[in-house]
Amino acid sequence: MKKLVPARVHIILARDSDTAIVIRRGPSNAVCTMLWDRRKDTFELGQWLRGRIYERRCDLSPDGRYFIYFAMNGRWDGPLKGSWTAISKAPYLKAIGLWAKGDCWHGGGLFLDKRSYWLNGSGLEQRQLPGQLVHKPEFPFHESYGGECRGVQFIQLQRDGWKLIGHESGKENSLSFFEKKVNPSWVLRKTARSGSPNVIGKGCYFDWHSLHNHRTGQVIECPDWEWADLDGRRVVWVSAGILYAAKLTGDRLMAKKALHDFNGMKFEAVPAPY
């Protein structure tokens, strides 16, 4: 019997508002976006896409209003040349800014503030400009991490409070380690893996997590957390397609609460309200 792979979920938190965008993938040729109201812990469906969104090359504006993403549907003879970068009104995918790409090298971008953005890479063919936003071509960071997912994700992580603490390189893949302070004792560590071979249900780029107490040396391994971050005073993470939250006090995580189960969702055509 074929093993069912849980929904793959990646989340981007808005820096200056209590919202986030959820990028939910599964099956492999279908992906949708959702709005997470982090104050109420409610979820609203955005739109589905038949294709792939490269979640590690996406970003959300600080106020949570706009979403930049890189997508691919493989229709290389189509008007968007099979892959494209777009800016939309979160959590929807209908473009207000659009650039055809034609391959899967580079793509996507970052918001520099709530009204300006940077596009990752060259070779983009402009189809539509977002009139209310400003493109700034200057590279927004002092280091480069390559032309694929890490070239956007690593910049985004450090911008959003993660500290890069080191790299390990192997024959086939590499690991990069980030930490974010939870409280005076604890840090959340993110291990970012890139390279080959692909892992079923994960691909070639994926993360796992652990919690480290720098005062006592205690480590809580969380290998099944595919995404994790801090939301105020609580730790939030995704495991097996379900989003959880818990507070970390003393030497343990308090009782976790399941916020939303993203498994079992099916493609549906949803028009954008703009």
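Trainee: Which residues form a positive surface patch?

Mentor: Arg65, Lys89, Lys94 and Lys114 form the patch. The model is predicted, so local features need pLDDT of at least 70 and side-chain atom pairs count only at pLDDT 80 or more, while totals for chains, interfaces and linings use all residues. Residues are numbered from 1 along each chain as its sequence is written, and side-chain values use heavy atoms, with hydrogens and water left out.

Trainee: What makes these residues a positive patch?

Mentor: Lys and Arg count as positive and Asp and Glu as negative, with His and the chain ends not counted. A patch is made of residues with over 30% relative accessible area and no salt bridge, like charges being joined within 9 Å and nonpolar side chains (Val, Leu, Ile, Met, Phe, Trp, Tyr) within 5 Å.

Trainee: Why is Lys114 called partly exposed?

Mentor: Buried means under 20% relative accessible area, exposed over 50%, and partly exposed in between (1.4 Å probe, protein chains only). Lys114 has 48% relative accessibility and therefore counts as partly exposed. Lys114 is found in the loop between strand 10 (109-113) and strand 11 (116-119); strands (E, at least two residues) and helices (H or I, at least four) are DSSP runs, numbered from the N terminus.

Trainee: How do you know that the chain is as compact as a globular protein of its length?

Mentor: The secondary structure comes to one helix and 23 strands. The radius of gyration is 18 Å, close to the 19 Å that the globule rule gives for 274 residues, so the chain is as compact as a globular protein of that length. That radius is taken over C-alpha atoms, and the rule is 2.2 Å times the number of residues to the power 0.38. Buried residues make up 51% of the 274 residues.

Trainee: Why is the contact between Asp207 and Arg56 called a salt bridge?

Mentor: A salt bridge is a side-chain nitrogen of Lys or Arg within 4 Å of a carboxyl oxygen of Asp or Glu. The side chains of Asp207 and Arg56 meet at 3.6 Å, N to O, and that value satisfies the cut-off of 4 Å. Asp207 lies in strand 17 (residues 206-213) and Arg56 in the loop between strand 5 (52-53) and strand 6 (59-60), so the pair ties together parts that are 151 residues apart in sequence. Both Asp207 and Arg56 are buried, and they belong to a network of salt bridges that also links Arg52, Glu55 and Arg150. The whole structure holds 16 salt bridges.

Trainee: Are Arg189 and Glu179, which form a salt bridge, buried or partly exposed?

Mentor: The closest N and O atoms of Arg189 and Glu179 are 2.7 Å apart. Arg189 lies in strand 16 (residues 186-195) and Glu179 in strand 15 (residues 173-181), so the pair ties together parts that are 10 residues apart in sequence. Arg189 has a relative accessible area of 22% and is therefore partly exposed, whereas Glu179, with 12%, is buried.

Trainee: What makes helix 1 largely enclosed by the rest of the structure?

Mentor: In helix 1 (residues 149-159), 10 of the 11 residues are buried, so the helix is largely enclosed. The buried residues include Cys149, Phe154 and Leu157. Helix 1 is followed by Gly161, whose phi is positive, near 100°.

Trainee: Why is Leu133 called buried?

Mentor: Leu133 has a relative accessible area of 7% and is therefore buried. Its place is in the loop between strand 12 (125-128) and strand 13 (134-135).

Technical notes:
Accessible areas come from the Shrake-Rupley method with a 1.4 Å probe; for residues, only the protein chains shown count as cover. The place of a charge is taken as NZ of Lys, CZ of Arg, CG of Asp or CD of Glu.
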